Amino acid sequence: MKRKNRIWIGAGVVFLVILIGAFRIWYVQGISIKSIKLTSPHNYAFQEKVDVELSRPASLYVRYWKKGEQEKYQTKPTAKAIKHSVDLLLLDTNSEYEYQVVIDRYINSNSKVLSFQTREQSPWLDINWMLDSRPHDPEAFGDGLLMICYARMPGYIALVDHQGAIRWHWQVDDIGVRAATLTPRGTILAMLRPPKKDVIDDKPKEHRKILEEIQKPMRRGKIGFAGGTAMAEIDLTGKIRWRTPLQGKVEKDLIHHDIRMDENNNIHTLYRTEKLYSHEVDGQSVTDTLVGDGIVVLDTLGNEIWKWSVWDHWDLENDSLLDEFGYDRFHMNALNFDRDGNYLLSVAMEDQIWKVNAQTGEVMWKFGKNGDFKMDPSALFSFQHAIHVNSEGDYMLFDNNLFREESRALSFKLDTLTMTATTKINAPLPTEKYTSRMGNAYLLDNGNLLQTSSKTGSVLITDRAGEILWELDSPYVPYRVEYLPASCWNNYFTQE
């Protein structure tokens, strides 16, 4: 009897194995891969697109790896469909890769292992960013990429790794890219600058003309190369989501210096605002046009949501600088959000940071020279850029410091009860890296600082004392350089 039971049990196990095997074959073969096609978008050497067609709707992903290496990557699973396009990003150029298409089900099914060869970098993207005489510590750089914009034509945004290789690129042929920043939804928001501003004056000047230029005040000039006539959003595959011209949308059809997206996908930027000013000169009444700045909030179509003008919050009668600087009275050159959602403005002409209420427009406090906070006089800054709240919760900026002629990264802890400012980071750059205009200072995840000395073309990773650990040499003036950590790509691919 026991022997008969064992026979039945054995037969049952065999039958179950056969049944499971048959089910597996039916399940796996129920969806098949009809075709796999590989293309290189924009003919880039660092990006491939895998187009897959299935016999029935399903989700899939692609596993890929550099031939001969252990590190493997996989793309994020696609939505259930018959046709799929999967981007392989940040590939090494001139390298052989292997990959598999994986149909993502309870029981996955894989294609056979396929391969492709990336070509050498395009000559126009093979830029010699790295000089042998400069430090290049990869540990100091971290695992992210630097985002650099080219403001002439054709404009572009490039992401550069620690070896100076361009790993991602987006180009726009009819306009330049003034500045770009990462958005809350993991895309890139760009300010596009007008080609009519791209004027090169290489004609030799007479000695008299040179002297006249030297004698002009340091702080002069209108919007110039800082302006933008359009804005655009690009995802990390290089696809443009939208591009909006600003003609008829904002005053003078221009925005300038900075552009930010909020959690609701609205755009916050700076614009030029004018005011007629009647006053007495030599006993006669004259009317001047003053030029200042404001904040404007737009949707992605360019429709105005909210607007603020500095002239509504400024005491004209007690301003002694209007006659000298009325054509560019404030030169606001940076806009960002405080932790409570209110605005931070860099007001270069005042050597101050202002906090502005995002609902009422009230100027809540002023920080810097002659501001509301007591601070160490040695930490006073001038013509500063790139104000923001860093990852340690401190207010951080790049100090151009026209008076000391020393550029540096500064951060502060502000106590709004005692109205005192404590200096947390003071990282001066060497004298030869001084830049009187533009630039930025950001705190990286590894504790080092990213500093850009725009007028010298130097993009630097320093420690908190300002010692240079890594350096990129740009062939053109980079207005501002931002750092994109590796986590930015988590929505596209991950390492297995």
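## Buried charges and their partners

Modeller: Let's start with a buried pair: Asp399 is buried, and Arg408 is buried too. Keep in mind that this is a predicted model, where local features need pLDDT of at least 70, side-chain atom pairs count only at pLDDT 80 or more, and totals for chains, interfaces and linings use all residues. Residues are numbered from 1 along each chain as its sequence is written, and side-chain values use heavy atoms, with hydrogens and water left out.

Colleague: What makes the contact of Asp399 and Arg408 a salt bridge?

Modeller: A salt bridge is a side-chain nitrogen of Lys or Arg within 4 Å of a carboxyl oxygen of Asp or Glu. Asp399 and Arg408 have an N to O distance of 2.8 Å, so the pair fits that rule. Elsewhere, salt bridges with shared partners join Lys66, Asp92, Asp161 and Arg167 into one network.

Colleague: How many salt bridges does this rule give?

Modeller: The count comes to 31 salt bridges. One of them joins the side chains of Arg329 and Asp319, at 2.8 Å from N to O. This pair links distant parts of the chain, ten residues apart: Arg329 lies in the loop between α4 (322–325) and β20 (332–337), and Asp319 in the loop between β19 (304–309) and α4. Helices (H or I, at least four residues) and strands (E, at least two) are DSSP runs, numbered from the N terminus.

Colleague: Why is Arg329 called buried?

Modeller: Buried means under 20% relative accessible area, exposed over 50%, and partly exposed in between (1.4 Å probe, protein chains only). Arg329 has 2% relative accessibility, so Arg329 counts as buried.

Colleague: And why does Asp319 count as it does, buried or exposed?

Modeller: Asp319 comes to 12%, so Asp319 is buried.
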